[in-house]
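Welcome! Take a moment to look over the sequence and the 3D view, and then we will walk through them together.

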Amino acid sequence: MPFWRKQEFGDPNLPKDDRGKGSFDDYLYDLIPKNRDITLRLADATPHQDEIAALAGEDPEALATATPARTLEQERVDAPIEVRVFSGRRVSGVVGVVPRGLESIYDEAVRRLDGRGDKPRIPLAVVQTKQGWRVDLLIGRTK
């Protein structure tokens, strides 16, 4: 494989438009986002369209992840990180998973927030695409 080709992340068993999006090129050495506009699109959102659509009607400023970083046991078996959303009133069901290969970005963001005394919740945006509802984690705001 040529060195200039971008590496594809995500589960190859999922449809190409539902594998999520993200790149390590958007992060500094310690997985700190380069700027506040960096996002990470969740994968496997198609089966959760009803849950995501219900969140679209919520206050966008109140939406944040409610999923902690992976435990050592989950890390050992390389379990996917299923993301749930806290909407200010309730915690939703699963709305997607962190794309395969990019779990360390999510874990580091949650640990960074927790380490500085903030709530370990990553802000997010619910967006509608041609393929349906998707969830973008606003990782850049955790900087």
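What pattern does the protein chain follow when read along the sequence? The answer is β-α-β-α-β-β-α-β-β. Please keep in mind that this is a predicted model.

## The chain as a whole

In total, the protein chain holds 3 helices and 6 strands. Its radius of gyration is 15 Å, close to the 15 Å that the globule rule gives for 143 residues, so the chain is as compact as a globular protein of that length.

To get a feel for the dimensions, picture a box drawn along the principal axes: the C-alpha atoms fill one of roughly 45 × 40 × 30 Å.

## A sheet of three strands

Now turn to the open sheet of 3 strands, whose order is E1-E6-E5 and whose pairing is antiparallel. Strand E1 (40–41) and E5 stand at the edges with a single partner strand each, so one side of each has no neighbour in the sheet.

Let us go through the pairings. E1 meets strand E6 (residues 132–137) in the antiparallel sense over 2 bridges, and here leucine 40 has leucine 137 of E6 as its bridge partner. Helix H1 also belongs in this picture: H1 packs on the sheet, where it touches E5 and E6, and its direction makes about 70° with that of E6.

On the other side of the pairing list, E5 and E6 are antiparallel too, with 6 bridges between them. If you would like a spot to find on screen, look for valine 126, which stands opposite valine 135 in E6. The link from E5 to E6 is a hairpin of 2 residues.

As you follow a strand, one general point may help: in a regular strand, side chains alternate between the two faces of the sheet.

## The second largest pocket

How much space lies in the second largest pocket? About 210 Å³. This pocket is lined by 14 residues, and the closest to its centre are Pro60, Glu61, Ala62, Leu63 and Leu124.

Some elements from the sheet section come back here. Helix H1 (49–56) and strand E5 (124–129) are the elements that give two or more residues to the lining. E5 gives the most, with 3 residues.

What kinds of residues make up the lining of the second largest pocket? They divide into 11 nonpolar and 3 charged, with no polar residues.

## Pulling it together

E5 is a good strand to remember: E5 stands at an edge of the sheet, is touched by H1, and gives the most to the lining of the second largest pocket.

Technical notes
Residues numbered from 1 in each chain as written. Predicted model: local features only at pLDDT ≥ 70, side-chain atom pairs only at ≥ 80, totals over all residues. Heavy atoms only, no water. 1 Å grid on protein atoms, 1.4 Å probe; cavity = no way out; pocket = protein on both sides within 12 Å on 5 of 7 lines; lining within 4 Å. Points joined across faces, edges and corners; volume = space filled by probe spheres on them. Helix = DSSP H or I, 4+ residues; strand = E, 2+ residues; numbered from the N terminus. Nonpolar A, V, L, I, M, F, W, Y, C, P; charged D, E, K, R; others polar. Pairing = 2+ DSSP bridges. Contact = heavy atoms within 4.5 Å. Axes fitted to C-alpha atoms, helices over the stretch in contact; angles between N-to-C directions. Rg over C-alpha atoms; globule rule 2.2 N^0.38 Å.
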